[in-house]
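Trainee: I am new to this structure and would be grateful for a close look at one part of it. Please take me through the open sheet and what surrounds it.

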Amino acid sequence: MNSSPSSAKRLEEVHRIAVLRPNAVGDFVFALPALVALRAAYLEAHIVLLARRWHREFLRERPAPVDEVIELPPVPGVGASPGEPADLERIDRFVAEMQSRRFDLALQMYGGGRYSNPFLHRLRPGLTAGLCTADAAPLDRSIEYRPWQNERLRLLEVVGLVGATPVDLAPPLAVIERDHAELRACIDLPERPVVVLQPGATDPRRRWPAERFAAVGDALAGLGAMVVINGDAAERALAACVAQAMHASAIDVSGSLSLSGLAALLERATVLVSNDTGPLHLADAIGTRTVGLYLVLNLITSAPLVGARQRHRFSIRTMCPVCGAENVHVRCPHDVCFIDDIETDQVIGLALEAFKESAACAADAALA
């Protein structure tokens, strides 16, 4: 039975809820407004997030709208990496354990449901709700999964299927002492404004050129900022390119911080300049001012619902600059930058604006 989110009522006698969303950092941030709405609607229920190891480690001791994170085993089509072998016995044991939990409600927030809906049914919840494409196994309550929609709004519609209404369109993500302790152990930041550059992204098409990031870093350093370059271990060479191209000094922490330490760094930052990748969305949730660099199609899906602290520039390019192929519904094999038509001066202007605005707010707070 499909149900309109606007007309659905809160369910009675719901004590245990499972939410299936085993994906990346940005995707977790996108789900926060929906999870907060679900928490408010079902205050007494025990909400379990079925997710990845990083969710369990990051959310440990951190205030969150879920009560528990359970790590999924690698399930084909449901969080497993492409080509990762499936341990069927491990999956069966996991399913049996989840069945013993006797979930009253299970929400599918992981794609269109071709693989995730059958997996959700295996848990035998009292009621299922979530996203469905035409070829997916039906759920008790569902909305159609369509491409190129704002993900935060999509997930708010999902929880609306069970009577959860929006509470906060930009719920804050807490930074805790464990985060600060890791940052202090990694780096001794100076007593001056810090700006963070994030030149990497999982998809090479979304990586703005390193020398452009260097120019932005130099402009911010000219205002007295300490520039910190972040990236994961695989992005060390890219971060080094940015540092080497800068005239000002910079601190390279690529590969040095866990997500916990990065949260503390982003909270400390006056502004983050970043490609469309997890740290950008994490910074938005923490409350840091950001300048995001997007492909326009990704901006449609990833844009925050409250934008007072966020600035962005975007490219409308969808054709591969090498082969000319359209990259909307399919991806050509060329790992080239699609956003290098974003002008450096425009990004510098936005970054300086955000930096000065942050400094003015800090001065006002000091006088209050």
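Mentor: What follows describes the sheet, then the helices across it, and then the aromatic residues and cores.

The model is a predicted one. Its open sheet contains 6 strands, arranged in the order β9-β8-β7-β10-β11-β12, and their pairing is parallel. At the edges stand β9 (250-252) and β12 (310-315); each has a single partner strand, so one side of each is left without a neighbour in the sheet. On average, and with direction ignored, neighbouring strands of this sheet are turned by 15° against each other.

Consider next one pairing within the sheet. Strand β7 (residues 194-198) and strand β8 (residues 226-229) run parallel and are joined by 4 bridges. One residue pair can be located directly: Val194 has Met226 in β8 as its bridge partner.

Two helices may now be added to this picture. Helix α7 (residues 210-221) lies across β7, β8, β10 (271-275) and β11 (289-295), and its direction is at about 175° to β10. Helix α10 (residues 278-286) lies across β7, β10, β11 and β12, running at about 145° to β11.

The aromatic residues deserve attention as well. In the whole structure, a search finds 4 aromatic pairs. One of them is stacked: Phe94 and Phe119 lie 6.4 Å apart, centre to centre, with 15° between the planes. Phe94 belongs to helix α3 (residues 88-101) and Phe119 to helix α4 (residues 116-122), so this pair ties together parts that are 25 residues apart in sequence. Trp208 and Phe213 form an edge-to-face pair, at 5.4 Å centre to centre and with 80° between the planes. Both Trp208 and Phe213 are buried. In addition, Arg205 lies over the face of Phe338, at 5.7 Å from the ring centre.

Finally, the nonpolar cores complete the view. In soluble globular proteins, nonpolar side chains tend to be buried together. In this model, the largest nonpolar core has 64 residues, and Ile17, Val19, Leu38, Tyr42, Leu107, Val162 and Leu265 have the most contacts inside it. Helix α1 (residues 25-41) gives the most to this core, contributing 10 residues. A second core, separate from the largest one, has 32 residues, among them Val227, Val242, Cys332 and Phe355. Leaving aside residues up to four places away in sequence, Tyr42 touches Arg10, Leu11, Val14, Ile17 and Val162.

Terms used. Residues are numbered from 1 along each chain as its sequence is written. This is a predicted model: local features need pLDDT of at least 70, side-chain atom pairs count only at pLDDT 80 or more; totals for chains, interfaces and linings use all residues. Side-chain values use heavy atoms; hydrogens and water are left out. A nonpolar core is a set of buried Ala, Val, Leu, Ile, Met, Phe, Trp, Tyr and Cys residues joined through side-chain atoms within 4.5 Å. Buried means under 20% relative accessible area, exposed over 50%, partly exposed in between (1.4 Å probe, protein chains only). Contact means heavy atoms within 4.5 Å. Two strands pair if DSSP finds at least two bridges between them. Axes are lines fitted to C-alpha atoms, for helices over the stretch in contact, and angles run from 0 to 180 degrees between N-to-C directions. Rings of Phe, Tyr and Trp (its six-membered ring) pair if their centres lie within 6.5 Å; planes under 30 degrees apart count as stacked, over 60 as edge-to-face and the rest as tilted. A charge sits over a ring if NZ of Lys or CZ of Arg is within 6 Å of the ring centre and within 35 degrees of the ring normal.
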